[in-house]
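This report covers salt bridges and the burial of the residues that form them. The sequence and structure come first.

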Amino acid sequence: MGIGAWGLAAGLALTLAGSAMAESWQLAGHTVTLEDTGEGGARLVADGAVVLEDWQVFADGALQVPGGAVLWGAAGPGGNACNAAPFALWLPLGGPARLDGPADSCAYLVPAPGPDGISWTAEALPGEPSETWIWTAAGGLVAGQGTAFAPEAGLGWEALAGLDGQHPVEALKLAPVWGALQAGLAPADLQAFSERISELGSGGLTGADYLGEACLKFTCDADWAVLYLQAASQRVFAAWHVGGEAGPHLFPADPAAWPAAARAAVEGHVGG
């Protein structure tokens, strides 16, 4: 019996905060309702008891699993500081409902239901490993093992032409680009650059070359990064600034070695 049999369409993302909407489902002998609190938030109710209340509550799907059913979604306080975190509502046949979660995470986690449970995954970013959460009826919601960021096997300089309009993280998936940064930067510098280039940003082609820029969301003027890939020489140029420091870091360190477009991007941040 699939998701549709439980009366909840796959991919449903219902936001109730600030609305008068309500949804109700009958799942494994339980009545579950998602409703507006009337005070700018939403609550999830199972068999008449409130099991979850927050500013935002999303219901993503429902699934029959051995011994009952599970409804899963995400909840959080809203705003830009953190993504809504996943939860699972276990609805056993003949037993009381149990809420597992929300997970202690701010990552953008994508759910994947399976025959016996649900997993959520956020892809690895430069400087930040992947994140996984796994739910089963027996084990509840637990964190899985993350994996470090790695470039895509076989993706080299020939892929540079496909980076137009792509975030800098996509450029770092080119094996020779990531390899040049790993070889040329000290671990602490690579971490600082990776954290900044992976956040809020954009990129595209400038002629045959690639230029990407990004920054930390809440300190964008002080914590930024630039990535420039020169097609003809197959060279990598990286710059980043750490809030509180006097000036930016450059790789390579000699600005005279930088292409004009790359220097201009850095100067646009420092006002030089």
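Is Glu 195 buried, partly exposed or exposed? Glu 195 is partly exposed, with a relative accessible area of 36%. The coordinates belong to a predicted model, and every value below is computed from it.

**Salt bridges**

Six salt bridges are found in a search of the whole structure. Three of them are listed here with the separation of their closest N and O atoms.

| Acidic residue | Basic residue | Closest N and O atoms |
|---|---|---|
| Asp 100 | Arg 98 | 2.8 Å |
| Glu 195 | Arg 196 | 3.6 Å |
| Asp 223 | Arg 196 | 2.7 Å |

Asp 223 sits in the loop between β14 and β15, while Arg 196 belongs to helix α3, so their salt bridge ties together parts that are 27 residues apart in sequence. Both Asp 223 and Arg 196 are buried. Elsewhere, Glu 123, Glu 170 and Lys 173 are joined into one network by salt bridges that share partners.

Burial differs within the other two pairs of the table. Arg 196 has a relative accessible area of 6%, which is under the 20% limit and therefore counts as buried; its partner Glu 195, at 36%, is partly exposed. Asp 100 also counts as buried, at 11% relative accessibility, whereas Arg 98 is partly exposed at 28%.

**Surroundings of Asp 223**

The loop that holds Asp 223 runs between β14 (209-215) and β15 (224-230). Asp 223 has a relative accessible area of 8%. Its side chain makes a polar contact with the side chain of Arg 196 at 2.7 Å, and the side chain of Asp 223 also reaches the backbone nitrogen of Gly 243 at 2.8 Å. Apart from neighbours within four places in sequence, the residues in contact with Asp 223 are Arg 196, Cys 215, Leu 216, His 241, Val 242 and Gly 243.

**Helix α3**

Which residues of helix α3 are buried? In this helix, which spans residues 187-197, they are Leu 190, Ala 192, Phe 193, Ser 194, Arg 196 and Ile 197. An α-helix has 3.6 residues a turn, so residues three or four places apart point the same way. The buried residues of α3 pack against two helices, α1 (168-171) and α2 (175-184), and against the strands β14, β15 and β16 (235-241). Arg 196 is thus one of the buried residues of α3 and also a salt-bridge partner of Asp 223.

Methods. Residues are numbered from 1 along each chain as its sequence is written. This is a predicted model: local features need pLDDT of at least 70, side-chain atom pairs count only at pLDDT 80 or more; totals for chains, interfaces and linings use all residues. Side-chain values use heavy atoms; hydrogens and water are left out. Helices (H or I, at least four residues) and strands (E, at least two) are DSSP runs, numbered from the N terminus. Buried means under 20% relative accessible area, exposed over 50%, partly exposed in between (1.4 Å probe, protein chains only). A polar contact is a pair of N or O atoms within 3.5 Å; within protein, one must be able to donate a hydrogen and the other to accept it, and residues adjacent in sequence count only if both atoms are side-chain atoms. Contact means heavy atoms within 4.5 Å. A salt bridge is a side-chain nitrogen of Lys or Arg within 4 Å of a carboxyl oxygen of Asp or Glu.
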